[in-house]
Number of protein chains: 2
Amino acid sequence: MTLTVLFAAKSESWSVYEAALTAAFSEAELNADLVLEAEPDTVDYIIYAPDSELQDFTLYTSCKAVLNLWAGVENVVGNESLTQPLARMVDPGMTAGMVEYVTAHVMRHHLDLDRYIKLTEPLWEPKMPKLAEDRVVTILGLGALGGACATTLASLGFQVRGWSRSQKSIDGVATFSAGPGLAEALPGTEILVLLTPLTDDTENIIDANALSLLAEGAVIINPGRGPLIDDDALLNALDDCQISHATLDVFREEPLPPNHPFWNDPRVTVTPHVASFTRPKTASRQIAANIQRSENGEPLIGLVDREAGY
Amino acid sequence: MTLTVLFAAKSESWSVYEAALTAAFSEAELNADLVLEAEPDTVDYIIYAPDSELQDFTLYTSCKAVLNLWAGVENVVGNESLTQPLARMVDPGMTAGMVEYVTAHVMRHHLDLDRYIKLTEPLWEPKMPKLAEDRVVTILGLGALGGACATTLASLGFQVRGWSRSQKSIDGVATFSAGPGLAEALPGTEILVLLTPLTDDTENIIDANALSLLAEGAVIINPGRGPLIDDDALLNALDDCQISHATLDVFREEPLPPNHPFWNDPRVTVTPHVASFTRPKTASRQIAANIQRSENGEPLIGLVDREAGY
């Protein structure tokens with residue numbers, strides 16, 4: 001039997017994914033038609049981007065799973081018409097890209113590279129930098145992305161702490177969990193990396209109180225989700241020198257509006273949502289693997305827990 | 001019997017090392033007097049900085065080894081009055097610092113962080129960066145420092161090549177050796193890291209020809225020794241866009257003179273010889289360990305091969 005797989009995303013995504021998905025299906029020996037349109041009740045799987053026009057899943061009565069193209073599902077979990085199993089994208093290429101972004105910016109702040117990169121006149125003032133073993137880096141979120149970053153930073157010698165909703169265990173990482181754990185994880189933190197999913201519980205998790213718990217002059221790196229941070233509290237903490245720098249890749253509104261105070265603030269580095277791209281080749285393989293798992297009655301990789309919200 | 005250990009370095013070093021060496025000797029249960037002056041023929045070991053006033057070793061007839069405080073020995077190996085075994089500093093703290101410097105700058109250039117760090121007006125133009133697995137990084141020199149950097153960069157996913165005088169073997173690293181090996185290692189190299197010792201054979205090893213072999217737009221990182229690079233050839237290669245950026249920590253003259261063209265060139269980042277500091281605590285332990293090894297008739301760590309020059 002041939003499976004019908006509906007691709008529901010903006011049209012520009014089709015040109016990026018068509019060849020990669022076709023190749024991945026063929027590689028996996030999946031007997032599947034990849035289509036842009038179909039009678040809803042004939043569709044077996046939906047490959048889905050949350051900004052697609054498809055918002056009402058009611059008529060997709062035969063659909064066995066919805067496979068999200070994005071890692072974040074905060075715009076999908078609230079959709080009550082979507083009752084099928086829903087999988088987040090867990091793309092090895094995206095994980096690799098995220099680990100590289102986080103490693104690059106942690107190393108940059110650890111060694112204060114900006115001091116040299118921004119130099120505009122001769123200055124020869126050697127200062128012995130701290131070693132990674134004397135630097136505390138804390139990661140909020142220990143899922144596929146945060147866990148991989150924690151492991152890499154620990155392998156580079158940093159004192160790594162990790163915080164997540166449920167208690168996790170990672171070699172070389174001091175782990176803390178929701179509730180009072182956050183107030184235990186933050187004190188002494190010199191570099192804070194935000195990779196926790198956005199849920200009702202984590203919106204504004206980095207507020208004035210959380211910022212005040214960090215080591216004085218701490219750095220924030222946010223490649224996770226914009227609303228994890230209370231922007232006004234962050235700006236105040238920068239003014240107070242409680243926070244020395246923020247490197248932000250995600251924002252409440254994207255693109256970040258040109259008049260936003262984060263632009264041109266020398267204490268803020270804005271990157272335009274480049275920390276984690278879904279990589280078509282590896283993401284397509286992941287989708288093919290999930291269709292196979294579903295057909296074999298195996299659990300989906302990245303299956304979303306609707307109650308937890310991710 | 002109490003050993004006499006002469007500390008021969010500039011006086012400012014004494015304040016840095018006195019406590020650390022005393023602690024390391026005590027930790028190692030070494031029965032030794034650490035002194036700033038002694039009758040030459042009573043001295044058992046000399047802890048030595050090449051910029052010390054001590055240049056004539058002839059009278060130190062009982063000296064069993066000279067223990068260099070620096071990793072580089074190019075200013076010592078030519079001293080014909082120094083006939084005792086000579087050890088380079090191989091300091092785990094210095095190695096860690098070097099790995100951190102190299103990792104930070106490789107990641108910085110890999111992801112072109114400067115583009116965001118130097119931004120002076122709003123610019124939202126996301127570009128999907130290459131993954132490390134698609135980036136070729138070549139390291140010249142696979143000693144304690146270069147080898148550790150190669151291993152770390154390979155663990156981060158880069159395609160790492162290494163070149164050294166004698167053929168080495170490192171997991172995950174494609175290795176090449178002196179002679180025609182350099183012309184094999186350089187083509188396709190996008191980031192080149194210089195960590196080879198300075199010898200007659202390696203002075204100006206990065207000349208116009210070597211630069212022309214690299215991938216177009218390659219980046220040079222030099223935390224090794226200034227004279228490894230032909231400065232004029234580098235400036236020409238920057239003008240031709242064959243090299244897109246050079247991050248230099250060491251120079252033929254240090255401090256780098258204020259009128260040197262490297263200053264203020266936006267394609268050159270100058271760091272003031274900060275890539276590798278000897279760390280008093282770990283270096284002192286290394287010296288104590290070497291005195292013990294010598295007393296036990298074991299080979300010194302970092303023993304210099306006078307013919308090779310390092």
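**How the labels are earned: a conversation**

Biologist: Strand E4 (residues 65-68) of chain B and E5(B) run parallel and are joined by two bridges. What makes them count as a pair?

Modeller: The cut-off is at least two bridges between two strands. E4(B) and E5(B) have two bridges, so they meet it. One residue to look at there is Val66(B), which stands opposite Leu86(B) in E5(B). Please keep in mind that this is a predicted model.

Biologist: Gladly. Which strands of chain B are called edge strands, and why?

Modeller: Follow the order of the open sheet, E2-E1-E3-E4-E5, with its five strands paired in parallel. Strand E2 (32-35) and strand E5 (86-87) of chain B each pair on one side only, and that earns them the name of edge strands.

Biologist: What is the strand order in chain A?

Modeller: In chain A the five strands of an open, parallel sheet follow the order E2-E1-E3-E4-E5. Its edges are strand E2 (32-35) and strand E5 (86-87), each with pairing on one side only. E4(A) and E5(A) reach the cut-off of at least two bridges, since two parallel bridges connect them. Leu67(A) is found opposite Ala87(A) in E5(A).

Biologist: How do you know which strands helix H8 of chain A packs on?

Modeller: By contact, meaning heavy atoms within 4.5 Å. H8(A) touches E1, E3, E4 and E5 of chain A, and its direction makes about 155 degrees with that of E3(A). In chain B, helix H8 (residues 280-295) lies across E1, E3, E4 and E5, at about 155 degrees to E3(B).

Biologist: And across which strands does helix H1 lie, and at what angle to E2?

Modeller: Helix H1 (residues 11-27) of chain A lies across strand E1 (3-8), E2 and strand E3 (45-48), running at about 175 degrees to E2(A). Angles here go from 0 to 180 degrees between N-to-C directions, so a value of about 175 degrees puts the two directions close to opposite. For chain B, H1 (residues 11-27) crosses E1, E2 and E3, again with about 175 degrees to E2(B).

Biologist: What makes a space inside the protein a cavity, and how many have 30 Å³ or more?

Modeller: A 1.4 Å probe has to fit there but be unable to get out. Five cavities of 30 Å³ or more are counted by this rule. The largest has a volume of about 50 Å³, and the second largest about 40 Å³.

Biologist: Which residues line the largest cavity, and which element gives the largest share?

Modeller: A lining residue has an atom within 4 Å of a cavity point. Among those in the lining of the largest cavity are Leu67(A), Asn68(A), Arg88(A), Met89(A), Gln286(A), Asn290(A) and Ile301(A). Strand E4 (65-68) and helix H8 (280-295) of chain A are the elements that give two or more residues. H8(A) provides the largest share, three residues. By class, the lining has six nonpolar, three polar and one charged.

Biologist: What lines the second largest cavity?

Modeller: Its lining includes Leu67(B), Asn68(B), Ala87(B), Arg88(B), Val90(B), Ile287(B) and Asn290(B). E4 and H8 of chain B each give two or more residues, and H8(B) gives the most, with three. The classes come to six nonpolar, three polar and one charged.

Biologist: Why is the relation between the chains called a two-fold axis?

Modeller: Chain B superposes on chain A after a rotation of 180 degrees with 0.0 Å of shift along the axis, at an RMSD of 0.0 Å. That is the relation of a two-fold axis.

Biologist: How do you know whether the copies meet through the same surface?

Modeller: They do, because 100% of the interface residues of chain B are also interface residues in chain A.

Biologist: Now the backbone: where are the cis peptide bonds?

Modeller: One joins Glu254(A) and Pro255(A), with omega about -10 degrees. Another joins Glu254(B) and Pro255(B), with omega about -10 degrees. Pro255(A) sits in the loop between strand E11 (243-248) and strand E12 (268-270) of chain A, and Pro255(B) in the loop between E11 and E12 of chain B.

Biologist: What makes Asn204(A) worth a mention?

Modeller: Its phi is near 60 degrees, a positive value in a residue other than glycine. Most residues other than glycine have a negative phi. Asn204(A) lies in the loop between strand E9 (191-194) and helix H6 (208-213) of chain A.

Technical notes: Residues numbered from 1 in each chain as written. Chains lettered and ligands numbered in written order. Predicted model: local features only at pLDDT ≥ 70, side-chain atom pairs only at ≥ 80, totals over all residues. Heavy atoms only, no water. Helix = DSSP H or I, 4+ residues; strand = E, 2+ residues; numbered from the N terminus. 1 Å grid on protein atoms, 1.4 Å probe; cavity = no way out; pocket = protein on both sides within 12 Å on 5 of 7 lines; lining within 4 Å. Points joined across faces, edges and corners; volume = space filled by probe spheres on them. Nonpolar A, V, L, I, M, F, W, Y, C, P; charged D, E, K, R; others polar. Least-squares fit on C-alpha atoms with pLDDT ≥ 70 in both.
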